[in-house]
Amino acid sequence: MFGSLPPPPRRYLPARVRLDRLADLEACYGELGARPLPADDPWVLEQWLRDWSELESHLAEAQARRQIATSCSADDPEAARAWLVHVDVLGPACKPLRHGLARRLVEHPAAARLPPGHACAFAVLRNQADLHRPALVPLEAAEQHLCAAYGQLRAGMRFHWDGADTPLAHVERSEDDLTVRGARPPGAPSRPSSAR
């Protein structure tokens with residue numbers, strides 16, 4: 001079902017841009033980094049911010065889809081490969097490009113004149129720009145590797161549950177179902193006791 005959801009519409013990003021290809025992403029970040037932003041024109045800066053937001057939201061969705069695919073299918077090497085491309089290649093390469101755009105925004109003279117609705121996002125970006133440290137990028141990638149390994153481990157866990165060999169995700173959904181919880185005999189364990 002998840003794979004059948006359509007991607008969000010694109011207004012700024014060209015249809016030909018692939019979110020799993022570093023050269024395409026570098027071109028998008030490069031265009032945003034080089035686009036003229038007059039110091040006295042907050043409208044142009046606001047449009048630039050919308051375009052950057054579209055790029056980031058599409059990237060975040062693609063990342064989420066890859067992560068969900070690999071955690072739902074522990075035995076799918078293609079899903080694991082796609083996720084690790086994000087962890088090892090796309091994420092670390094895009095981080096400094098994203099930092100450059102954040103720094104450009106917070107230092108722009110028209111940033112203070114953006115509409116009030118941008119104040120929260122602007123504060124977050126200013127903090128991210130101030131806190132950015134290149135040395136943290138490989139540590140974040142290592143953390144995502146561990147999270148991916150944990151997700152695959154959980155996806156592969158199976159239990160003997162209600163007389164059947166059942167994936168952990170199904171057991172957890174059953175635990176959240178009030179009708180199942182209410183039907184459990186008093187004193188019965190809330191979780192299956194054996195996993196493999």
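In this predicted model, R50 and E46 both belong to helix 2, where 4 residues, about one turn of the helix, separate them. Their side chains meet in a salt bridge with an N to O distance of 3.3 Å. The two partners differ in exposure class: R50 counts as partly exposed, at 39% relative accessibility, whereas E46 is buried, with a relative accessible area of 13%.

**Salt bridges**

The R50 and E46 pair belongs to a wider set, since a search of the whole structure finds 11 salt bridges. Three of them are listed below with the accessibility of each partner.

| Salt bridge | N to O distance | Relative accessibility of partners |
|---|---|---|
| R50 and E46 | 3.3 Å | R50 39%, E46 13% |
| E31 and R35 | 3.0 Å | E31 33%, R35 16% |
| E107 and R103 | 3.8 Å | E107 55%, R103 25% |

In the bridge between E31 and R35, E31 is partly exposed, while R35 is buried at a relative accessible area of 16%. R35 is classed as buried because its value of 16% falls under the 20% limit. In the bridge between E107 and R103, E107 counts as exposed at 55% relative accessibility, and R103 counts as partly exposed at 25%. Salt bridges with shared partners also join R11, E31, R35 and D51 into one network.

**Nonpolar core**

In soluble globular proteins, nonpolar side chains tend to be buried together. The largest nonpolar core of this model holds 28 residues, among which L45, W48, W52, L55 and L105 touch the most other members. Two or more residues are contributed by each of helix 1 (22–34), helix 2 (42–72), helix 3 (77–106) and helix 4 (119–131). Helix 2 provides the largest share of the core, 7 residues.

With neighbours within four places in sequence left aside, L45 is in contact with L37, L105, H108, A110, A111 and L114. One of these contacts, L105, is itself listed with L45 among the core residues that touch the most other members.

**The aromatic pair**

How many aromatic pairs does a search of the whole structure find? The search finds 1. A pair of aromatic rings is described by the distance of the centres and the angle of the planes. For W48 and W52, the centres lie 5.5 Å apart and the planes make an angle of 50°, a tilted arrangement. The pair is called tilted because its angle of 50° lies between the 30 degrees that bounds stacked rings and the 60 degrees that bounds edge-to-face rings.

Both tryptophans lie in helix 2, separated by 4 residues, about one turn of the helix. W48 counts as buried at 0% relative accessibility, and W52 is buried as well, with a relative accessible area of 4%. Both residues are also named among the core members that touch the most others.

**Cysteines**

A search of the whole structure finds 0 disulfides. Why does C28 form no bond with the closest cysteine sulfur, in C94? The two sulfur atoms are 9.5 Å apart, which is too far for a bond; a disulfide requires sulfur atoms within 2.5 Å. C28 counts as buried, at 5% relative accessibility. C120, by contrast, is exposed, with a relative accessible area of 59%.

Conventions. Residues numbered from 1 in each chain as written. Predicted model: local features only at pLDDT ≥ 70, side-chain atom pairs only at ≥ 80, totals over all residues. Heavy atoms only, no water. Core = buried A, V, L, I, M, F, W, Y, C linked by side-chain atoms within 4.5 Å. Buried < 20%, exposed > 50% of the residue type's maximum accessible area, 1.4 Å probe, protein only. Contact = heavy atoms within 4.5 Å. Phe/Tyr/Trp six-rings, centres within 6.5 Å; stacked < 30°, edge-to-face > 60°. Salt bridge = Lys/Arg side-chain N within 4 Å of Asp/Glu carboxyl O.
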